[in-house]
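Q: Could you take me through one part of this model slowly, as if I were new to reading structures?

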Amino acid sequence: MNRIDKKFQELKAKKTPAFIPFITAGDPDLQITKDLILEFEKRGADIIELGIPFSDPIADGPIIQASYYRALVKGAKVSHIFDMVSELRKKTEIPIVSMVSYSTIFKKGFSGFIENSVIAGLDGLTIPDLPVEENLELFEVARKHNFKVVCFVAPTTTDQRMALITQRAQGFLYYISVVGITGIRDKLPDDIIQNINKLKQMTNIPVAVGFGVSTSEHAKLIGTVADGVIVGSAIMREIENYAKEPPEKLVRCVGEFVGQLISGAKG
Amino acid sequence: MVMTKTKVKAQEYSDISEGATLPDKLGHFGRFGGKFVPETIMPALDELEKAYLEAKKDTSFNAELEYYLREYVGRPSTLYYAERLTKKLGGAKIYLKREDLNHTGAHKINNTIGQILLAIRMGKKRIIAETGAGQHGVATATAAAMFGIECDVYMGEEDIKRQALNVFRMKLLGATVIPVASGSKTLKDATNEALRDWMSSVRNTHYIIGSVVGPHPYPMMVRDFQVIIGKEVKKQILEKEHRLPDYLIACVGGGSNSMGLFHPFIEDKEVNMIGVEAGGLGTEIGQHASTLTSGEIGILHGSASYVLQDDDGQTLPVHSISAGLDYPGVGPEHSYLKDIGRAEYVSITDDEAVKAFQDCARLEGIIPALEAAHAIAYTIKFAPKLSKDKIIVICLSGSGDKDSFEVAKKLGYKI
C-alpha cells in the first residue's frame, strides 16, 4: 500500500487530521532539509510536502519564491534532491509528496520523472501548474506505479471541474483555501469551512487544506473539518529567520514552531 | 491579378481571417500550446474563451472593434515603399508596414482595444498587464484611460530604467506601474507577477496579455486581434504590386507583430516568412534571447513552446538591447510554424540592430523601434542576395522614440 493511503487510514482510525508541513528542498541546503524532515517527523508531522525549487513559480508568494531562489543559487538540482530522498528512506517511512512545476516534469519527461521519483522513495507529487485535463497519460503512469498525483481544488473551481478533478485525484485532494497565491495571512476566508464541507461531500478522498494557513489557530480551525492541514510559507519564514544560525539551532527552533502548529491542528 | 485561392477549413476555432485551422479545442498547436496554469485561474480561462468565441461571432462587437481601430488607432496603417533603402541595398523591393503610425506608436494597441472591449463585455472592473519595452503597457493604459477602467501594469525594474519615457507615459494615462524586483527584473518576471496578481484578483480583473504567449486562449486571441496587420498588407500589396510578396520579415519576442503579419499568408505557400530574434551580445547562455533558434521545447507562462531552459526546466537568463525581445519564451504557434517548416527563424545581434536603427533613420526618415530594427537589420543582410523583382514586406512594429535614450547611451551621446 502507498504510504499516503496507509497514513490517512491510520489517522482516520485515530480521528485526527494529518499535519503536512511544506519545506523547500535545498534551503538553506539539502543536509538541513533532511534534518528538518526528520525533526518534523519526531514532532508529529504525518506527511511531508517537499518543494522542488523552480525559477518561475506562479502560484507562490514572496516567501516561497525567495526560498526557491536561495535553493537554486545554492545549486539544488532535481538529481540531488532525489539522492537526498533516497538517503532519507534509510531512516524514515514518513510519506513524502513532492511539489514540482510541470516545467521541470515536462523537461525531464513525465514517465521518467515518475519512475525516478518512485526509485528515490517519493510517494506522490503535486503539480501546481498542471490542470487535470492536460496530461491524462501522466495519471495512468502514476497509477501503474501506485504513485499518487495530488490534485488541487480552488474556491473558483466550478462544480463541473470539481467532478472532473475528484474523479482523477489520487492520495488526497489539495484544497486551496484562498483565491490567491501562497503566503502568510492574518485571517482565513469566512466561507472556508463551508467550502471544505462541500468538497468533502463530493468525494471519499481525504481533503487537505493549504495556502495561507499560517498559525496554530488557523491549523486548529482547519483541523476540525479537513483531513489534513498544510502549512508552507509560515515554516519557510522561520527557516529564513534562522538561516544564519548554526544548523542545530535552526532545526531545533523551526521544529518547535512546527510542533506548535501540530498541537493546534490536532487540538 | 494573381492570387491563390485560400482554403478555409470550417472548424470551431478557425480564425476570422483566412487559413487558420489551429489551435485545437484545448489550445494545442501540434505539440505546443495548451493551458499549464494553477487550478485557481482555469475557470477564468474557460470563461474568457467562451466570451471571446461569442464576441467573435457578434457583429456588434466586431463593428465596435472596427470603429475604434479606424477612428482611434488610425487604421489602416500604410504600406510604404522604402525606396532609398531598396536602392541602397540593390536587391529586392522593400515595403514597410507602418505599425509605428498607429496611435501610441506600435502594433500593441490592436490587441489592447480588442481585449478591453472583451473585458467590458465580461463585466470586469479592473485591467492588469505585463510590459517589457513598455509599448504594451502604454497601449493597455491608453485603452483603459479611454474606457475609464482601473489599470495596473507590471514592469521589471531593469526595464523601468531603460524605458523611462514609457513609464512616464503610462503614469500620465492614469495607470499604476508596479515595479517587479524578482528574478531578472525584466519581461519574464513582470509576466510572473501579473499572473500572481491574477491568481488573487481573477474574479473582477481581466489580464491583458500583450503577446501571442500564455495559456489558451491567449495565443489564439491575441493573434486574431493582430491579424489585421497581415490582412491589410495582403490587400495593400495586391493593389500596389498585383501579387503577393515573396518574403515577410518581422521581429519575434513573444511574436505578436510577426504572427499578425504572417498568419493571413500561412496558406499562400509562395510567401516565405522569416522571424527575427534577438541575438544580443553572442551565442553564450545569458547573452541572447534567441528562443526559436537555440531553445528546446518546454513549458513557460502557461503553454508549451520553445524556451530557453536548463536540464531541470529552470528558465535561463536572456539578454537583448531591446526590452521587447528580452524574453526566454515565444508563442506556441511560432514554435509550430518552425517545426512544420512554414516559417524560418534567424537572429540579429544588438550591434546589428543599432546599426539598422540608424540606417533606417537616415535613409527613410523613420526611426524604428529597436525591436523592429532587428527585422530591418536582417533585411539589410538578406535583400542584396535577392533579385530586383522580389518583394519583401517588413513589419515596422513600432516607433523608436522610446529607444532614443538607450541608443544614445550605446552610441556615447549624452542627452
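Over how many bridges do strand E5 (residues 126-131) of chain B and E8(B) pair, and in which sense, parallel or antiparallel? Please start there and work outwards.

A: Sure! One thing before we dive in: this is a predicted model. Strand E5 and strand E8 of chain B pair in the parallel sense, over 4 bridges. If you want one pair to look for, B:Arg126 has B:Thr205 in E8(B) as its bridge partner.

Now zoom out a bit. These two strands belong to an open sheet of 4 strands in chain B, in the order E7-E6-E5-E8, and the pairing is parallel. Strand E7 (176-180) and strand E8 (205-208) of chain B stand at the edges with a single partner strand each, so one side of each has no neighbour in the sheet. Going from one strand to the next, the twist averages 25 degrees. As background, strands of a sheet pair through backbone hydrogen bonds, either parallel or antiparallel.

Next, look at what lies on those strands. Helix H4 (residues 108-121) of chain B lies across E5 and E8 of chain B, running at about 165 degrees to E8(B). H4(B) also has a helix partner: its axis and that of helix H2 (residues 59-73) of chain B come within 10 Å and cross at roughly 140 degrees. The two helices are therefore oblique to each other, and their crossing is right-handed. On the H2(B) side, the residues that meet H4(B) include B:Phe61, B:Leu65 and B:Tyr68. On the H4(B) side, B:Ile109, B:Ile113 and B:Leu117 are among those in the contact.

Helix H5 (residues 135-147) of chain B ties this picture together. H5(B) has 13 residues and reaches 18 Å from its first C-alpha to its last, close to the 18 Å expected at 1.5 Å a residue. H5(B) is mostly covered, with 10 of its 13 residues buried; among them are B:Gln135, B:His136, B:Val138 and B:Ala144. What do those buried residues pack against? They pack against H2, H4, E5, strand E6 (150-156), helix H7 (164-172) and E8 of chain B. Just after H5(B), B:Gly148 takes a positive phi of about 65 degrees.

For a comparison, hop over to another sheet in chain B. There, 6 strands form an open sheet in the order E3-E4-E14-E9-E10-E13, and the pairing is mixed. Strand E3 (79-81) and strand E13 (343-349) of chain B are at the edges, each with a single partner strand, so one side of each is left without a neighbour in the sheet. Inside that order, strand E9 (residues 247-251) and strand E14 (residues 391-396) of chain B run parallel and are joined by 3 bridges. B:Tyr247 has B:Ile392 in E14(B) as its bridge partner. Helix H14 (residues 350-364) of chain B packs on this sheet, touching E3, strand E10 (272-280) and E13 of chain B, and makes about 90 degrees with the direction of E13(B).

H14(B) also packs with H15(B), at an angle of about 90 degrees and with the axes 7 Å apart. The two are therefore roughly perpendicular to each other. Their contact includes B:Phe357 of H14(B) and B:Ile376 of H15(B). As for H15(B), 11 of its 13 residues are buried, so H15(B) is largely enclosed by the rest of the structure.

Conventions. Residues are numbered from 1 along each chain as its sequence is written. Chains are lettered from A and ligands numbered from 1 in the order in which they are written. This is a predicted model: local features need pLDDT of at least 70, side-chain atom pairs count only at pLDDT 80 or more; totals for chains, interfaces and linings use all residues. Side-chain values use heavy atoms; hydrogens and water are left out. Buried means under 20% relative accessible area, exposed over 50%, partly exposed in between (1.4 Å probe, protein chains only). Two strands pair if DSSP finds at least two bridges between them. Contact means heavy atoms within 4.5 Å. Axes are lines fitted to C-alpha atoms, for helices over the stretch in contact, and angles run from 0 to 180 degrees between N-to-C directions. Angles under 35 degrees count as roughly parallel, over 145 as roughly antiparallel, 65 to 115 as roughly perpendicular and the rest as oblique. A crossing is left-handed if the near helix is turned anticlockwise from the far one by less than a right angle, and right-handed if clockwise. The expected span of a helix is 1.5 Å times one less than its number of residues.
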